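Reader: I'm new to this one and would love a guided look at a single part of it. Please start with how far I can trust what I see, then zoom in.

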Amino acid sequence: MGSIKMCQMMLFFAVLSAVLAVTSGTNSTDSYWLLRIKSELVDPVGVLASWYSRTNSCSWKGVVCSDDQLHIIGLNLSGSGLSGSISPEFSHLTSLQTLDLSSNNFTGSIPPELGLLQNLRELLLYSNYLSGKIPTEIGLLKKLQVLRIGDNMLVDEITPSIGNLTELRVLGLAYCQLTGSIPAAIGDLKNLQFLDLQKNSLSSVIPEEIQGCVELQNFAASNNKLEGEIPASLGNLKSLQILNLANNSLSGSIPLELSGLSNLKYLNLLGNRLSGKIPSELNQLEQLQQLDLSSNNLSGTINLLNTQLKSLEALVLFDNLLTGSIPSNFCTSSSSLQQLFLAQNKLSGNFPLELLNCPSIRQLDLSGNSFGGVLPPALEKLENLTDLLLNNNSFSGKLPREIGNMSSLETLYLFDNTFTGSIPVEIGKLQKLSSIYLYDNQLSGKIPREITNCSSLSEIDFFGNHFMGSIPATIGKLINLVFLQLRQNDLSGPIPPSLGYCKKLHTLALADNKLSGSLPPTFRFLSELRLFSLYNNSLEGPLPESLFLLKKLGIINFSHNRFSGSILPLLGSDFLTLLDLTNNSFSGPIPSRLAMSKNLTRLRLAHNLLTGNISSEYGQLKELKFLDLSFNNFTGEVVPELSNCKKLEHVLLSNNRFNGMIPSWLGGLQKLGELDLSFNFFHGTVPAELGQCSRLLKLSLNDNSLSGEIPPEMGNLTSLNVLDLQRNNLSGQIPSTLQQCKKLYELRLSENSLTGSIPSELGTLTELQVILDLSRNLFSGEIPSSLENLMKLESLNLSCNQLQGQVPPSLGKLTSLHMLDLSNNHLRGQLPSTFSEFPLSSFMGNDKLCGPPLESCSEYTGQEQKRLSNTAVAGIIVAIVFTSTLICLVLLYIMVRIWCTWRKVMILSSESGGTEHNMEEEKWDYGDEKKRKGEYWKVNTMALVPSKEEQNLSSPTCIFQLKMDSETMVGQGDVF
């Protein structure tokens, strides 16, 4: 209990001391609350340093006291750099009439307690970071005349309690995040003069009740989501001077009642959906100074006359559907019109000469219409004209020399017309000319050196004409030149050295010409250069080393020239975002300095003579999206540090000497859309991790030494358009998962060792168009009939495989096919009739195919039958030969037997003596042939058989007997 009393006493003395501390001021209570508020704020610059208890609070910075110094009636702390929240304790300053906390860094919500400040007349809280809703208690401030709480982060609807602020004259709620509709209670604010609701998300229609704001002078509700028609009741706001309803979704026609706003000076209805004609009644707005009806759907002719709108200074009607021409009585010499913007309509005819009666015009924009004809020389009458925009029309002919007399001209836009001829030398008299855009015309001749007398020129764009000759040697006189675009002309010769003295140049584009020679060393002075484009010329030689001094270069494109040597001079800038040196003769390694270009997004060095490895330092290029090193002499492996370049979308390394295995970390490049590693020396398998590159559109691994099977993970590449794996050593079957690549329009798997049958699932790849090439593999089986579904296919190559069976007749439905090769397989049967248009070579090497363009199947069948008859004949011949041979052998045997028998007869005849023998021989020779030596032969069908009398002589001893008889005969001979 004692401790509680002690705490109470301490609290009492603390309060007492605070009260005594502020009694030295004139208003102790208000001072006390101000000090309390100060203690809650952050005051970085010491604005509230004068706020301390020993001084008079009326002397404090921002404090306003009443005349009798008894009450604080105003507090103005605008733009003091204060932060923190707005304290509810402001509610204790009950005499406060003005509270201005605008343009600070206050956060939090608007405290509802402010509704207790019954004497408050001005509440200014705009340009802070306040959030939350507008408190309903605001409606309690009955004496409030000014409420400006815009430019905060306030949300939700506008509280209807605002309708209770009947003394309110200014209501500023712009630049917040308010939603809902404009409350109908707003019509109760009879004294409201200024209503600003711009830059919110207010929707619905403009309430008819707004006509109750009879004192309203300024109504701005642009950049919301208001819809419906513009209420005709706005015509009752006779005090209205400014009406801004731009950039909403208002529709319908412009109400005629607006013509009754006799005090209206500014009418802005741009960026809505208004339609119909522009009411001619608007000509009654004699006080109108600015009228903007642009970006709507207004149609009809222009019927607004400056002869009646005598105060009109700006008429903006661009981006509508207006037709016809400008009326002849559009304006007079006493006109006040300074700005006339009629761009992007459907106006037609020649240049409107009626405008020459408006000498006051300073800005004239007729671009994006259908005006044609030549420009009148009398154009020089517009002597006050500063901006002439006639681009995107159909003007033709030569540029008038009189244009050089328009001495006030600063901007001249004549691009995208059909002007011909040369630029008049009189253009050099336009000393104030800062921008001249003549691109996309048919101008020719030389660029006049007189143009270099236009000392104010900062922008020149002559793109897409036929200018020839050299760039003026005196171009260095244009010391204010920032932008020079001469691309796509026929300029030739060297780049003038004086160009290096245009030291303010940001953009230098000389591409697509016939420029030659080397780069002048004076380019070292172009220290502000951001874009340097020289591609498609004939520039040559090594680059000046002094280019390394250009530290602000962001885009360099020197592609398709003849530059040589090192690329180091182009790497001095740390701000490079694009470097394209394609198709030159640069040599040597890529300098490691390139790794300092941390913002580099596109690196294209293809078709050069660069050598060496890819440095591991390039892994620091984490913004890189496009990498093209193809067609060089790079060697080594692809370094793993490139895996840090997670934003890579294109990796093109083809036609080099890279080796090793294709890195698996490529599968971690989730944004990769194109990968081309073709024509290198990569070996090993195709990494399955590539299947993780879900955005991949093109995969080219052809012409390497890859082996193994095609990983089934390839089927995960559902966005793939091109798959090229040809000319490797791949084996196995085509994975069935490939059917998931539904967007494939080019599939090349030729010249591998793939086996198995062609998957029928390939028939589901209905987007295949360019080619399906499976040639020179080991595929077997039949051609799947499902290929009939590839209706977009233009080229099909299945040659040099081991395919069998018939060609499916349904393939004849492939009407888009213009190249077909089925040669060198084992196909048979009739070809589809539609294949007759293909050359004979498409089917050669298939012995059993028939039908046009091969021989007809009927002839083929006849030949088969003919070949069968010949076989039969051959069989018969063989049988005849065999039989004949057998008969001959039998006959030969018989003849041998006859001979043997004859020999035995001769021997027996010799045994009967010589005289008898001789006599008998004569009888044999000349006598009866049927009787020989007293013997008769019996003949049967197979052999000659001797008589029975002689059969006994046939014995095994006959030979020996013959021998003995011979010896006896010899002996007898010796006796003779």
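What is the mean pLDDT of the chain, and what share of its residues reach 70 or more? After that, please take me closely through the part around strand S43, with its neighbouring strands and the salt bridges in that part of the chain.

Author: Keep in mind that this is a predicted model. The mean pLDDT of the chain is 88, with 87% of the residues at 70 or more. There are weaker places, though: residues 1-26 have pLDDT below 50, and apart from near neighbours in sequence that stretch makes 15 contacts in the model. Another such place is residues 864-869, again below 50, where the model has one contact beyond near neighbours in sequence.

A little background before we zoom in. The chain runs to 976 residues, and 47% of them are buried. You'll be looking at a lot of strands: the chain has 68 of them, alongside six helices. Its accessible surface is about 44600 Å², and carbon and sulfur atoms account for 53% of that. If you take contacts between residues at least 6 apart in sequence, 48% of them join residues that are at least 24 apart.

Now to your part. Find strand S43, which covers residues 562-565, and look for strand S41, residues 538-542: the two pair in the parallel sense over three bridges. If you want a landmark for that pairing, use Gly-541, which stands opposite Phe-563 in S43. S43 has another partner too, strand S45 at residues 585-588, and this pairing is also parallel, over two bridges. Here the landmark is Gly-565, standing opposite Phe-586 in S45. In general, the strands of a sheet are held to each other by backbone hydrogen bonds, and they can run parallel or antiparallel.

What about the loops that follow these strands? Have a look at Asp-574 and Arg-593: they form a salt bridge, with the closest N and O atoms 3.0 Å apart. Asp-574 sits in the loop between S43 and strand S44 (578-580), while Arg-593 sits in the loop between S45 and strand S46 (602-604), so this salt bridge ties together parts that are 19 residues apart in sequence. Asp-574 is partly exposed because its relative accessible area is 36%, and the cut-offs for that class are 20% and 50%.

Step back along the chain and you'll come to another salt bridge, where the side chains of Glu-528 and Arg-530 meet at 3.0 Å, N to O. Glu-528 has 24% relative accessibility, so it counts as partly exposed. Arg-530 is partly exposed as well, at 34%.

Going the other way, past S45, look for Lys-647 and Glu-623, whose side chains meet in a salt bridge at 2.7 Å, N to O. This pair links distant parts of the chain, 24 residues apart: Lys-647 is in the loop between strand S49 (633-636) and strand S50 (650-652), and Glu-623 is in the loop between strand S47 (609-612) and strand S48 (626-628). Lys-647 has a relative accessible area of 28%, so it is partly exposed. Glu-623, at 30%, counts as partly exposed too. Going back to Glu-528 and Arg-530 for a moment, salt bridges with shared partners join them and Lys-552 into one network. The whole chain has 14 salt bridges.

Parallel pairing like that around S43 turns up elsewhere, so here are places to compare. Strand S25 (residues 346-350) and strand S27 (residues 370-373) run parallel, joined by three bridges, and Ser-348 stands opposite Ser-370 in S27. S27 in turn is joined by two bridges to strand S29 (residues 394-397), again running parallel, with Gly-372 facing its bridge partner Ser-394 in S29.

Earlier in the chain there's an open sheet of three strands in the order S7-S9-S11, with parallel pairing. Its edges are S7 (131-132) and S11 (177-178), each of which pairs on one side only. Strand S9, residues 153-156, pairs with S11 over two bridges, and Asp-156 has Leu-178 in S11 as its bridge partner.

One last stop, for contrast with the strands, is a helix. Helix H3 covers residues 857-910 and includes Val-890. Together with Phe-882 and Leu-886, Val-890 makes a nonpolar surface patch of about 300 Å². Val-890 counts as partly exposed because its relative accessibility is 37%.

Note on methods. Residues numbered from 1 in each chain as written. Predicted model: local features only at pLDDT ≥ 70, side-chain atom pairs only at ≥ 80, totals over all residues. Heavy atoms only, no water. Pairing = 2+ DSSP bridges. Helix = DSSP H or I, 4+ residues; strand = E, 2+ residues; numbered from the N terminus. pLDDT = per-residue confidence, 0-100. Contact = heavy atoms within 4.5 Å. Patch = residues over 30% accessible without salt bridge, like charges linked within 9 Å, V, L, I, M, F, W, Y side chains within 5 Å. Areas by Shrake-Rupley, 256 points an atom, 1.4 Å probe, with all protein chains shown as cover. Salt bridge = Lys/Arg side-chain N within 4 Å of Asp/Glu carboxyl O. Buried < 20%, exposed > 50% of the residue type's maximum accessible area, 1.4 Å probe, protein only.
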